[in-house]
Amino acid sequence: MEERAVVVDEYLQAIGQDRQSASVESLLRAHLSYFHYCNVNIWSEGRKPAELREPLATDLVGVWQRLKQDRFGYCFQLIELNYAALLSLGHKATRHAAVVLNTLHDKVDESWVVGRHQTHELIILEDGGLVDVGFGINALTGVLHVDAETGQGTCGDNQYRVLPINPHTRQLEILLPGSGGEWTALYRYDLRPTDDVKFMSDGTFLAPMPMVIRDSFVSVAKAQQGERKWLLLTVGQKGGLWRRIVQGETVETE
């Protein structure tokens, strides 16, 4: 427990937050401004033969050792750090596993979703608010509360909705500008909380898979002007471009 407290204290200091005055919203804004989503570690492990891949750290101490140096991580790492801080600050919250969809609502293939491994997590606060600092493009940049009747709500400049799929499952969708009213399904999540064992299993299962794992590209999501910009990088770009992005340098992109 002492190690976790030390990690949270160092984390809060790094993002400029004070234990006594930090709110959930200020914590999220500070986290998104300081840490960035980047899947380069998953990408690089996925290029190796299965027997040579190493599990990626999802335990709090291991995550902090990596993130305080690089200032980026993938979904499970970013969620674990933010979740620990929320609990330490006295907020009641739970983690929930999710299947990433990233497709138009009408294009969701139910036969594909069934049995799909849950490769993402989000946080649900005691009041039902959704928190997610681990997603890339179209990610929540604050706490999302939705109307009990319509299931819709706004976060930043974006409009979201939560659809009931079955008693234990919900689907988060976003209405993108210029979409002509078509909703995009981001992911489908379980209302039943994830315990530490499942969290570790979901977060590290990627390494021993026999196929190339999940991501065939390198992506970086950086918070800018109240939203998250997502840049996709080719293999040739990955050597320096993503590091310049996370270090806050201006990068010209087409």
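The sheet first. In this predicted model, seven strands form an open sheet. Reading across, the order is 5-4-3-9-8-7-6. The pairing is antiparallel.

Now the edges. Strand 5, residues 130-131, sits at one edge, and strand 6, residues 152-155, is the other edge strand. Each of these two pairs on one side only.

What packs on the sheet? Helix 5 does, residues 75-88. Helix 5 touches strand 3 (93-104), strand 4 (120-125) and strand 5. Its direction makes about 20° with that of strand 4.

Over to strand 6. Its partner is strand 7, residues 158-166. The two run antiparallel, joined by four bridges. Take threonine 154 as an example: its bridge partner in strand 7 is glutamine 159.

Between the two edge strands in sequence there is a loop, and one residue there deserves a look. Aspartate 132 lies in the loop between strand 5 and strand 6. Buried or exposed, this aspartate 132? Its relative accessibility is 2%, so aspartate 132 counts as buried; the cut-off for buried is under 20%.

Which partners does the side chain of aspartate 132 have? One is the backbone nitrogen of glycine 134, at 2.8 Å. Another is the side chain of tyrosine 187, in a polar contact of 2.8 Å.

Finally, the surroundings. Leaving out residues up to four places away in sequence, aspartate 132 touches Ile79, His120, Glu121, Leu122, Leu140 and Tyr187. Compare that list with the ranges on screen. Helix 5 covers residues 75-88, and Ile79 is among the contacts of aspartate 132. Strand 4 covers 120-125, and the contacts include His120, Glu121 and Leu122.

Technical notes
Residues numbered from 1 in each chain as written. Predicted model: local features only at pLDDT ≥ 70, side-chain atom pairs only at ≥ 80, totals over all residues. Heavy atoms only, no water. Pairing = 2+ DSSP bridges. Contact = heavy atoms within 4.5 Å. Axes fitted to C-alpha atoms, helices over the stretch in contact; angles between N-to-C directions. Buried < 20%, exposed > 50% of the residue type's maximum accessible area, 1.4 Å probe, protein only. Polar contact = N/O pair within 3.5 Å; in protein donor to acceptor, adjacent residues only side chain to side chain.
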